[in-house]
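Grab a pencil and have a go at these short exercises on pockets. Try each task before you read its solution.

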Amino acid sequence: MDRLRLELTHRLRARRLELALELGGETFALVGPSGAGKTTILRAIAGLLRPEHGRVVVGSETWLDTERGIDLPPEGRSVGLVFQEQALFPHLNVRQNVGYGGPARAHDLLASFGLAELAGARPNELSGGERQRVALARALARDPAVLLLDEPLSALDATTRARLRTELRGRLRELDLPTFLVTHDFEDAAALAERVGVLVDGRIVQTGSPAELVAAPAGPFVADLTGTNLLVGRAHAAGAGLTDVTLADGTVVRSVDRAAGRVGVRVHPWEIALARSRPDDSAQNHVVGSIDALTPLGNRVRIRIGELTAEITADSAERLAFRPGEPVVASFKATATRLVPLAGDGDGG
């Protein structure tokens, strides 16, 4: 298994993309908003775009070195590429699509991907999940040194997407191949990749395992991306080893962490309980607000209350019958409230 080493500098429309990465036999997901440069990086690795400056090295083979004038064409790079919309040939059947990538491996891949019985079908006769399996099989038929996945699940409906996450994760683990995945969806990245990088304005602002990014987001954007709440305020000692944080609207929340000055208050959505009135319980933090939105996520529902997002089971959401615009109290314990020091001397807000 060869390692992928990547260094890129390229001018985007409104910013400069700067990146340095190294991948082994793992799946690395680059996640970020549209326009951050994710697809540009993918195209540069595949040879579909020449960056202003950069190097792409796989094992001992140099695919790109702008300083030395090396720039192998796409067909000269051992890359398997799965496009966002699968990009299957509509006039070819499943066997022919997979065989286009590499006829020697087509038979075995059709069998291992459960596509043998669909070998004679055209793409328009397949489900979204089946088309995705064909696209991946075709990419692997080249026996690539590097696998590139461009938003591999974004074109699927929610039910198929959840099922394919599990299936694709298992297949990627079996490959032991440098796999570079780009997506705007953190749940896709967390489900498929061992490591995740967050790309913002052309730069990676944080890299780590999905669990590390959720547990310790490097800033408000990463916190929002991972679904973790991060409220900004000013901290001061409250006695008994606790810390009070005054938020922009004057609400005071309490944490067991010690801190002073400008901080981010981090609390996971599943640590927040919702009620129509202030509960008489052990939680020390109570934030009052109106429900802005309810978003179903399988057997869970995320509920947005101002700057906070709570997560409850779909069963609880149905039983409580919360509705947008309804006032609620979001409660969470001081032990579930973590403080992240933030740069800057301004007031929280």
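Two exercises follow, each with a worked solution.

This is a predicted model, where local features need pLDDT of at least 70 and side-chain atom pairs count only at pLDDT 80 or more, while totals for chains, interfaces and linings use all residues. Residues are numbered from 1 along each chain as its sequence is written, and side-chain values use heavy atoms, leaving out hydrogens and water.

**Exercise 1.** Work out where the largest pocket lies with respect to domain 1 and domain 2.

*Solution.*
- Step 1: start with the space itself, about 890 Å³ in volume. (A pocket is an open set of points on a 1 Å grid over the protein atoms alone, where a 1.4 Å probe fits, with protein on both sides within 12 Å along at least five of seven lines; lining residues have an atom within 4 Å of a point. The volume is the space filled by probe spheres set on the points.)
- Step 2: find the centre of the largest pocket; among its 33 lining residues, the closest are Asp 185, Glu 187, Leu 225, Leu 297 and Arg 302.
- Step 3: domain 1 (4-78 + 144-215) and domain 2 (230-341), with bounds from an automatic or database domain assignment, both supply lining residues, so the largest pocket lies between them.

**Exercise 2.** Describe the second largest pocket, starting from its space.

*Solution.*
- Step 1: the second largest pocket holds about 450 Å³.
- Step 2: 16 residues line it, and Val 79, Leu 81, Phe 83, Tyr 100 and Arg 142 are nearest its centre.
- Step 3: sort the lining of the second largest pocket by class, and you get 10 nonpolar, two polar and four charged residues.

Note on methods. Nonpolar A, V, L, I, M, F, W, Y, C, P; charged D, E, K, R; others polar.
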